[in-house]
Each structure stands twice: as C-alpha cells, then as structure tokens.
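Colleague: I've got a model open on my screen and want to get a feel for the fold. Could you walk me through a few spots?

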Amino acid sequence: MGKKNLKAQLQFAIQSCFKGNSRQSGGFGASKHSDMATGQKNAKIYSWSSYHSRVDVACQFSSYVRENYPEVKEARQLTKEMAESFLLSKSSTCTTETLDCYRSNLSSLGENINRTYGSARVDLKVGKVAGTTANQETRCKPMTDAHITALLDSYKSGSTGHTAVTIASVAGCRASEIVRLKPEHIEIKSSSSATVFIKGGKGNRDRTIQIQDPQGVKALADIKASATAGERIVPCKVGSIQKSLNRHMAALSGSNGGSMKNEYKHTGFHAIRKNFAQKEFDRHRQNHTRQESLDHVSKQLGHGAGRDLATLQRYVDNIY
C-alpha cells in the first residue's frame, strides 16, 4: 500500500471503485443493473452522491482510528471492532438513521478496500447501533453511585425496600427476580466471591450471577444471615417494591434541582441494573476484549451471549 497514510489509502480505494485505476474499472458511467445481472458489481461505486458520502465517512473514520488506534497504519489492519467503536462514539450526538448511513458506508468501505488491495480481508460490517432517536427505555440513564447511596439511606436498614435496592445494585437483578429470591439462592464462597442463583428469570431462563466485589459480597452475606431459610428474602409483590422505589425517588433530589424520579423518569430498578452492568463491563474489560466483556455482561443480566449491539446499549452506557 506504499507510504500513503491511512486516510489517503481509504480515499484511493474509494476513488478506484468509482473512477477505476490502472488495474480495474470503476462504477462511474457503468450500468449498475447490468453489473448486478452479470455479477460484476464487486464493490463498485456508481453515483457521485455515494462517492461523496463514502469519502466523508472514510475521512471521519480514519481520523478516529488515528486518534484511538495509532498503531494502525494500513487499511488492511482495520477491524470490525474499530468500526463499532467509531459508531458508538457517534451514538450520543447522531440519530439512529444517521448511524445507519454510517454503518452502510463502513460496510461498503471494507469492500472497497478488499477490491482495491488484493491481499486485504477487511470486514467493517457491524450491527445496528441506537442513536439519539432511540426510545426512552433504550436511552435510560444508569443510576449514579451517589444516588444509589442516597436511595439506600432513605430506607430503614433491613427493610424490604432497602434489601431490594441492595440486591439490585449488587447483582443487577430484575424486580421480578428479587421477590422470588430465597437465602439458599445466595452462596458466599469467600470474602470476595459469591453467586446468586436466579430460577426462571426472563424467558424462564435460569442463570447464576457471579459477584466479585468484596462490598457486594458482604452485603449479600448480611442479607443471607438475616433471612429465614426457605422463605422469600423480599416477601412482597413486584408492584409493591416498585411503588415504594418510586415514592422514595420522588422524595429525593436529583442532579439538576428536580427529584431523582424526574431524573430517571421511566424506570427505577432498570437504572440500578444499568449501574451494575456498567461496573461489570468495566471490571471485565480490564482483561478481556470488548465483545467478551459485552457477552459477560449480557449473561450476568440474563440475556445470553451474542446479543446485538443496539440491545446491549440499553444496559452498558459506555462501551469502549
């Protein structure tokens, strides 16, 4: 690929697929329908609008890669993970529709690279990413540590509400799962390791949540010690603890002058669950790839591995 920088390499690949080069023809002036019928489309670019759109995305993407992956010098080194990371960096300021355009151009850019540089095997096709037009559940904020602490302090220690919020923050359980937990479902393995077994979670799936936070383990040990064997730890209906949580959030101050409930308008336990998810991702990400960390979080939450990126955005606010 010579001594061209990454941006120049991408621009050359796009230009070659549009106007052609000494080795191959481009799509400009050719019949797209004819090429499709004869199987000769092969990543060609046929219109000026597609060309300019591709160049714009390539310039932005190359700048992002240069800043975040400085070791990447050649187009053949680009990966799907880099494309996903780029889209995620845009998700807080772009609409979902705009992100879809980025996705399409990145996928085609990978094909342009492979067509132009024969030895390249680049795949930049990534899953859907949710942007600023996503529904409120998708864009729900994770509750901050300070707000969880304030929420816990608003309950009497040992009360059902205090216990429910503690379990939600420590293990990321749904409200419907919390009200079914029994002390035998909690196993304390050491001062820094515990498990919480969920029987028949969402989709009637069982799972075992791994807890490796010493403070979380201690909190679970205290809950288990004070509970009655064979009895539910939080002996009330789902609606009751949700209403209780809403009342307490409405009485507490949020970050910007309003109530905490106004800050987390659409949910309470879900925001606590998101706090847990982000911490789990951060902890796992220290020693694993991003996809491995996302799969770990997904399984901890009861979704299973391999979920699409847009779904995981509902729970992990900062994917890096």
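Modeller: Sure, starting with a loop: Asn42 is found between α2 (32–38) and α3, where helices are DSSP runs of H or I with at least four residues, strands are E runs of at least two, and numbering goes from the N terminus. Keep in mind that this is a predicted model, in which local features need pLDDT of at least 70, side-chain atom pairs count only at pLDDT 80 or more, and totals for chains, interfaces and linings use all residues. Residues are numbered from 1 along each chain as its sequence is written, and side-chain values use heavy atoms, with hydrogens and water left out.

Colleague: What is the phi of Asn42?

Modeller: Asn42 is not a glycine, yet its phi is positive. The value is about 40°.

Colleague: Is Ala43 buried or exposed?

Modeller: Ala43 is found in the loop between α2 and α3, and it has a positive phi of about 70° without being a glycine. Buried means under 20% relative accessible area, exposed over 50%, and partly exposed in between (1.4 Å probe, protein chains only). Ala43 has 12% relative accessibility, so it counts as buried.

Colleague: How are α6 and α7 oriented to each other?

Modeller: Helix α6 (residues 145–153) and helix α7 (residues 160–171) pack at about 160°, with their axes 9 Å apart. Axes here are lines fitted to C-alpha atoms, for helices over the stretch in contact, and angles run from 0 to 180 degrees between N-to-C directions. Under 35 degrees counts as roughly parallel, over 145 as roughly antiparallel, 65 to 115 as roughly perpendicular, and the rest as oblique. So α6 is, relative to α7, roughly antiparallel.

Colleague: Which residues of α6 and α7 make the contact?

Modeller: Contact means heavy atoms within 4.5 Å. From α7 come His162, Val165, Thr166 and Ser169, and from α6 come Ile148, Leu151 and Leu152.

Colleague: Which helix gives the most to the largest nonpolar core?

Modeller: A nonpolar core is a set of buried Ala, Val, Leu, Ile, Met, Phe, Trp, Tyr and Cys residues joined through side-chain atoms within 4.5 Å. The largest one has 84 residues, and those touching the most other members include Phe61, Ile113 and Leu151. With eight residues, the top contributor is helix α3 (residues 48–68).

Colleague: How far apart in space are Gln77 and Val122?

Modeller: Gln77 lies in the loop between α3 and α4 (80–90). In sequence, Gln77 and Val122 are 45 residues apart. C-alpha to C-alpha, the spacing is 7.5 Å.
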